[in-house]
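This briefing concerns a predicted model. Please consult the sequence and the structure shown here alongside the points listed below.

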Amino acid sequence: MDSWDPAFLDGLASNGFRVIVFDYSGLGASTGNRTYDPASLARDAGDLLTALNIEKAVVGGWSLGGIAAQILFATSPQRVSHLVLIGSTPPGQLVKSGEALFYELAKRENDLEDIVALFFEPRSAASRLAAEQSQRRIAERTTDLSPTIPVEWAGTQLGDAPRNPMFPADAVLGALKTTKIPVIHIGGDHDIIFPVENWSALAGQLPTLRVVTFPETGHGPHQQYPQESADYIAAFTRNSK
């Protein structure tokens, strides 16, 4: 839970959202068996909606969480009013694969330079500054922290190299092609794990998809542009029914 930039969550709250973040089973502060299996993560999200007596919600996810959100959307569409994806991948064959650098960096403890390479744009001074500011905001919370995920375990779950497809799920792609539920993807123009070009390639195939792409931005667009990302999501949910 403490990987989320508080400025982004506060931005959502300032737009009138009730914001709920959680740790998947076995990760962070949650008990249970830990896994990165997207179907299991999607079940966790559905179980949480049930536990909180939420019949329908704006469901969002970042990166792997975006894959889980797509599975929940496809398997329980009646529970999803809008689907918000951040720095994630569409299902099916990709027009552009990720970079090997992500897998190298994901297998070790990360310093600020690694964070910049993973989630921002190293060639941009503005992006580097945004990385420093985001990391300071995240570090401001020092009590009741959600335990970090062991790097060694996470590295083994992510694999050693990019795959194509990253998310082989014909049923989910079919759901995206036929749904009336509004879908938005917010990404950066240089995402080293889930290139935004793969969403652009689906233009004309996904009837409700909006694609927002920030310039000189990496895998964490909502960290570089927290308030603007929140404002886009708010406008999306207000104007698409």
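The points that follow treat a pocket, the nonpolar cores and one loop residue in turn.

The largest nonpolar core of this predicted model has 56 residues. The second largest pocket has a volume of about 220 Å³.

**Second largest pocket**
- With a volume of about 220 Å³, the second largest pocket is lined by 13 residues, of which M1, D2, L9, V21 and R141 are the closest to its centre.
- Two helices, α1 (6-14) and α6 (125-139), each supply at least two residues of the lining of this pocket.
- By residue class, the lining of the second largest pocket comprises eight nonpolar, one polar and four charged residues.

**Nonpolar cores**
- Within the largest nonpolar core, of 56 residues, those with the most contacts are F8, F73, L83, F102, F120, L176 and L206.
- A second core of seven residues is separate, and Y24, L27, Y36 and A68 are among its members.
- When residues up to four places away in sequence are not counted, F73 touches V80, L83, A175, L176, T179 and I181.
- Two of these partners of F73, L83 and L176, are also listed with F73 among the residues with the most contacts inside the largest core.

**D37 and its surroundings**
- D37 lies in the loop between α1 and α2 (38-51).
- The relative accessibility of D37 is 35%, so this residue counts as partly exposed, a class that lies between buried, under 20%, and exposed, over 50%.
- D37 and I67 are 30 residues apart along the chain, and their C-alpha atoms are separated by 9.9 Å.

Key. Residues are numbered from 1 along each chain as its sequence is written. This is a predicted model: local features need pLDDT of at least 70, side-chain atom pairs count only at pLDDT 80 or more; totals for chains, interfaces and linings use all residues. Side-chain values use heavy atoms; hydrogens and water are left out. On a 1 Å grid over the protein atoms alone, a cavity is a set of points where a 1.4 Å probe fits but cannot get out, and a pocket is an open set with protein on both sides within 12 Å along at least five of seven lines; lining residues have an atom within 4 Å of a point. Grid points are joined across faces, edges and corners, and a volume is the space filled by probe spheres set on the points. Helices (H or I, at least four residues) and strands (E, at least two) are DSSP runs, numbered from the N terminus. Ala, Val, Leu, Ile, Met, Phe, Trp, Tyr, Cys and Pro count as nonpolar, Asp, Glu, Lys and Arg as charged, and the others, Gly among them, as polar. A nonpolar core is a set of buried Ala, Val, Leu, Ile, Met, Phe, Trp, Tyr and Cys residues joined through side-chain atoms within 4.5 Å. Buried means under 20% relative accessible area, exposed over 50%, partly exposed in between (1.4 Å probe, protein chains only). Contact means heavy atoms within 4.5 Å.
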